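User: Could you take a close look at one part of this structure and talk me through it at the level of individual residues? Please keep the account connected, and go on to a second region afterwards if there is something to add.

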Amino acid sequence: MKKKLTFAFFGLVLLSGCSKGLDMPEPEPAPIPDPTPVDNRATQEEIDANVKKVFGTTFSADQSWSSTTKYTVSVTADAPMADIAKVQILTEAPYFNEDARVLNEISTSKGQTVQLTYDCPSDYTDLVAACVDSKGIYYVAPFKAGDASVKFTQAAQARTRAAYDLPALPDTAGLKMKYKNSYLTYNAMRAQKAGQEDEDTIINPWKDSHWDNERIWMLSNEGGNGTWKVEKSAIYRTVTMTDAEKQGLETILTALGGKKGRDGNFKKMNLNTIRTSPVYELTKNYLVADGKAPITVAPVQMLSSEINNSSVYYYYFNPNELNGKSEKEQITFLKNLPKFKCIDSKLTKTASGIGLGVGDYFKVHEYVLPYFGDLKSTDTLDVTVKSFVIPEGYYVGFMFRKNNGKDWADSFSTDNDAISPSKGTAYSKKSYQNVDNGEVYADGRLNKEINQYPQFSSAVTEKGMKLDDPRAAIFGANQRAYLMFEEGVDVNFVDLIVEINGGLKEVDAAQQINNNVYTFCFEDRNLGDYDMNDVVIKAERLNITQVKYSVVACGAHDELYLRNINGQTLNSSTEIHQLFGVDNTKTFINTQSKNYEPVSEVITVDPSFSFTDFSKQVYIYNKTQNYDVKMSQKGEDPHGIMIPSDFKYPTELTCIKDAYTQFNSWGENPVTSTNWYLDPVSGKVFDK
């Protein structure tokens, strides 16, 4: 209107001059200033009415819209490592856990104490501090969110027991295996019967599989001494677990197993992480003996509902035996190595007092792995233990065996695990067809046949397991090694967790952990649709002095600018659409489909910086409406929220309550549904 009035005024002047007959030059029009921005925000009553209309509810006056809390902790880098390069604050232990995130880190050296400010997601109360050496290997210790300090001294008390301090082992001369204690495995029985006319086609995968001669061997229940018992065809001693050891187990394993075994309410074990782990890629899940001390194994958690019918076997070989062999020949060689019993699960479960399916941590038995010499499955001699030290460089593999014993025509032993028939003995058809009976292996190449068997195959068809996937995960943590078995179809890898100590070469491997992402979502207008994608910014705390900001989406038509980011690219003078090279503010950027790459910059911050500090938080200036859009405070509508995750924001015109069905519950009651942002509705969030 101001522009039209100006021209009308000059028109009157010209007409007046002409009527007076004056010969006047046409005046130059005065410059027209930019319109003065007008504050177009709605009244609070209008805002409240719109919120009620869009969300269908009224939010709590106590809702601060924050899912993050700022803390500062003092960390002493005293982990028992040769060198320490940095200290990190983590959400969870990093082992086989792609969900672990770094909240902050600082470079340091061994023995130093450092201060770290970190922003903790509200659904985390138990956190992990980590010392990281120059190779990227981690040593972790637990602490509570809000603790003033953390040291690794107590975690170090749970260090691997020195193998050389083991009590004197029994006389090897009294520890014998006899051929009558050697039995065909289910794999061998199925291979021998597969393809015969009277056999069911369910065992056809075993035809020409070269399993024919695999046998399990068990010690005679003789020998032993005052400390080590020979019982259930294995050698073990009774041990106790200190508070420090239990805390160490909880720190390392809770994110993997926990008391619910990563069931439907927990995160699923990441199969790709297991199949691409350093141990699997390097040795196919074989541990390497150091030739200096005995290797011992101790069950520390049991969650299989069939643990009463389960045992663990091990085998070993000189890897030079594989030289010159084709892949197929190598696998045939491994299949037909003798497998020796090392853990009787029922014995340990009973001694632990832990009920079936109860995911508590314990340690009551430690089993030793003897060396019997380089035997073949076809050997028929009675043999004794040659040594308790497996030769240096030998590979050690593991098999989990399940046998419920219900379908055998005859019982061949009072030992529940020794009821497979010996060579030449008749056995019932049902015994080797029973889906509840079978062996699975840490070396995935040996699982190809069992993964095609009824019930087991659902792990492949429904859970994403490949036919040659490992049925165990092996990793090193805090100078110990852990073995996690998956014997069935739920693919949670917590059916039995075993701690491995003693004569092994280093298992610890470098970890790559992502930084935690904090997502800032803005609704640009007071009377909005609350799809919360008008501007979306993601931020990562790289270390105590650096933050990486990324503008990832803009679903607004107004002219918008950043505030509280003063970089070269991301700054207060560049309009947000123009960051993506877009001049037309009517263009939707990454809210309907991915049409632009995020725009990022690393910004230097003060060591005490926190994403929760209101005065330092990024916010938006809406020039079209002439007001700031900041993070919502207590009692306000959710026009600006920060989510402590790599949040999948709603698609264009999808209200956040429809993309996240627990959002309203959280808005109505700040202490419920605090992890609402972890459960998006498929098809209603931007997931590109």
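**A threonine ahead of helix 4, and an aspartate beside a sheet**

Analyst: The side chains of Thr-185 and Glu-214 make a polar contact at 2.8 Å, in what is a predicted model. Thr-185 sits in the loop that runs between strand 8 (176-184) and helix 4. Because its relative accessibility is 0%, Thr-185 counts as buried, the cut-off being under 20%. Beyond its neighbours within four places in sequence, Thr-185 is in contact with Glu-214, Arg-215, Ile-216, Arg-401 and Glu-439, so the partner in the polar contact, Glu-214, belongs to this set as well. As for spacing along the chain, Thr-185 and Trp-211 are separated by 26 residues in sequence, while their C-alpha atoms lie 8.8 Å apart in space.

Helix 4, which spans residues 186-193, is itself mostly covered, with six of its eight residues buried. Those buried residues are Tyr-186, Asn-187, Ala-188, Met-189, Arg-190 and Ala-191. Just after the helix, Gly-195 adopts a positive phi of about 90°.

The second region is an open sheet of five strands, arranged in the order 28-26-25-24-31 with antiparallel pairing. Strand 28 (599-604) and strand 31 (640-643) stand at the edges with a single partner strand each, and therefore one side of each has no neighbour in the sheet. On average, and with direction ignored, neighbouring strands of this sheet are turned by 20° against each other. Within the sheet, strand 24 (residues 517-522) pairs with strand 25 (residues 535-543) in the antiparallel sense over six bridges, and Val-517 has Glu-540 of strand 25 as its bridge partner.

The loop between strand 24 and strand 25 holds Asp-534. This aspartate is buried yet has no salt bridge, the nearest side chain of opposite charge being that of Arg-525, 7.5 Å away; for a salt bridge, the nitrogen and the carboxyl oxygen would have to be within 4 Å. A polar atom of the Asp-534 side chain does, however, lie 2.8 Å from the backbone nitrogen of Asp-524. With neighbours within four places in sequence left aside, the contacts of Asp-534 include Phe-522, Glu-523 and Asp-524, and also Ala-553, Cys-554, Gly-555, Ala-556 and Leu-560.

Methods
Residues are numbered from 1 along each chain as its sequence is written. This is a predicted model: local features need pLDDT of at least 70, side-chain atom pairs count only at pLDDT 80 or more; totals for chains, interfaces and linings use all residues. Side-chain values use heavy atoms; hydrogens and water are left out. Two strands pair if DSSP finds at least two bridges between them. Helices (H or I, at least four residues) and strands (E, at least two) are DSSP runs, numbered from the N terminus. Axes are lines fitted to C-alpha atoms, for helices over the stretch in contact, and angles run from 0 to 180 degrees between N-to-C directions. Buried means under 20% relative accessible area, exposed over 50%, partly exposed in between (1.4 Å probe, protein chains only). Lys and Arg count as positive and Asp and Glu as negative; His and the chain ends are not counted. A polar contact is a pair of N or O atoms within 3.5 Å; within protein, one must be able to donate a hydrogen and the other to accept it, and residues adjacent in sequence count only if both atoms are side-chain atoms. Contact means heavy atoms within 4.5 Å.
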